[in-house]
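Me: I am in my first year and would like a close look at one part of this protein, namely its largest nonpolar core. Which residues and elements build it, and what lies around them?

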Amino acid sequence: MNCELIIRLSKITALLVLIVVANGCQQPTHVAAKSPTPVRVTDVAMVSSSASLRYSASVLPFAQATLSFKSAGYVTEIKQIPGADGRRRDIGSGDYVSRGAVLAQIRHQDLKNQADQAAAAVTQAEAQHYEATQNYERAKALYSTHSLTKPEFDQSQSRFDSSRGALDQAKASLRQAQLALTDADLRAPFSGYILDRNIELGDLVAPGAAAFTIADISVVKVSFGVPEYAVKQLRLGQEFNIQLQDDPKEYKGRVTSIAAGADDKNRVFTVEVTVPNPKSHLKPGMIASLSLADVQKAPTPSVPLSAIVANPQSPGRYAVFVASEANGKWTAHLRPVTLGETQESDVAVEGVKPGEKIVLVGTAELKDGDSVQVLQ
């Protein structure tokens with residue numbers, strides 16, 4: 001055998017060895033099937049809880065009004081009271097005023113001139129109407145004897161009607177001018193405290209511009225919002241104890257208003273509690289707190305805390321394993337849930353339905369879709 005033949009045989013042998021090795025690598029590998037994981041399950045239950053709810057509430061005045069002048073004018077007077085230094089000063093924020101007190105005035109002469117002009121217009125309109133009435137009476141007499149044509153009579157009657165309308169309008173303008181003169185004195189509509197003053201002596205005020213804000217706080221309203229399940233526990237006349245921050249005293253009030261509908265934005269019902277405030281300890285803008293005891297919440301799906309696992313698909317979120325049976329075989333599927341309030345060893349959850357089977361014991365070894373053996 002020559003050397004060339006020996007080399008060819010060696011190559012063929014090596015090739016056959018590679019083919020055999022390759023075919024051996026392609027043989028299927030048999031892996032033993034994973035046995036079902038033993039677990040214990042529990043049913044999702046509907047739980048109704050009773051809780052004491054505490055609310056923060058805003059103190060509001062019983063009545064509040066923004067006062068303004070009806071007519072434009074220069075401020076000529078602002079009510080004065082004795083100040084802390086003994087000197088008189090203009091009333092301002094925090095001062096108490098009685099109902100009907102004149103808080104400020106605008107210059108009367110301007111409005112008096114307008115009233116005088118309106119009175120003169122009435123006098124002139126009365127004279128014109130008197131003349132039109134006389135002419136109309138003569139026209140009727142002449143027309144009845146056929147001494148006056150129909151167009152002439154109609155013209156006389158038209159002048160009479162027009163003069164009467166002008167007189168009525170002039171009288172209305174006079175009443176309006178007299179009313180404006182009366183409104184030159186800005187009076188307190190009720191007894192209360194001045195919350196704000198926006199005018200100074202000598203200011204030229206515009207009609208409708210806010211001059212004072214006054215509030216009656218002899219009684220105050222404490223306003224807060226409650227969810228739907230809590231509003232069912234409230235009734236008109238129900239008594240509440242109200243507390244202020246850093247004030248140990250309790251104030252008693254009664255529910256006087258419950259909103260008929262929920263707020264569109266936060267879906268809560270506004271409730272008002274009226275509280276007597278004879279010494280004015282409660283002031284608008286203060287934050288009060290009150291409690292609503294033994295509120296029955298609507299039943300919600302609940303599971304034991306031990307059934308909750310971290311959701312591997314969403315870090316920071318939670319899930320449960322829901323066990324379901326098909327053809328005698330049980331399978332566990334991961335179900336994301338949202339946690340609610342806890343009560344002892346249970347927690348309210350969203351994402352499961354009542355009656356579903358939740359894995360309670362054995363979750364540590366489970367993955368989504370694993371077969372499980374439900375232990376009795």
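Reply: What follows looks at that core, starting from the protein as a whole. This is a predicted model, and in it the protein has four helices and 23 strands, while buried residues make up 32% of its 376 residues. In soluble globular proteins, nonpolar side chains tend to be buried together.

The largest nonpolar core has 26 residues, and those that touch the most other members are Val222, Val226 and Ile242. At least two residues of this core come from each of the following: strand E3 (50–68), strand E12 (210–226), helix H4 (228–231), strand E13 (239–244), strand E14 (247–258), strand E15 (269–276) and strand E16 (287–296). Strand E12 gives the largest share, six residues.

Valine 222 shows how parts from elsewhere in the sequence meet here: if its neighbours within four places in sequence are left aside, valine 222 is in contact with Ala57, Ser58, Val59, Ile242, Val271, Glu272, Val273, Val275, Ala288 and Leu290. Apart from this core lies another one, of 23 residues, which includes Leu67, Ala104, Leu186 and Ile199.

Contacts between residues far along the chain can also be counted for the whole protein, where, among contacts with a separation of 6 or more, 73% are between residues 24 or more positions apart. As for the outside, the accessible surface of the protein comes to about 23500 Å², and 52% of that surface belongs to carbon and sulfur atoms.

Definitions and conventions: Residues are numbered from 1 along each chain as its sequence is written. This is a predicted model: local features need pLDDT of at least 70, side-chain atom pairs count only at pLDDT 80 or more; totals for chains, interfaces and linings use all residues. Side-chain values use heavy atoms; hydrogens and water are left out. A nonpolar core is a set of buried Ala, Val, Leu, Ile, Met, Phe, Trp, Tyr and Cys residues joined through side-chain atoms within 4.5 Å. Buried means under 20% relative accessible area, exposed over 50%, partly exposed in between (1.4 Å probe, protein chains only). Contact means heavy atoms within 4.5 Å. Accessible areas come from the Shrake-Rupley method with a 1.4 Å probe; for residues, only the protein chains shown count as cover.
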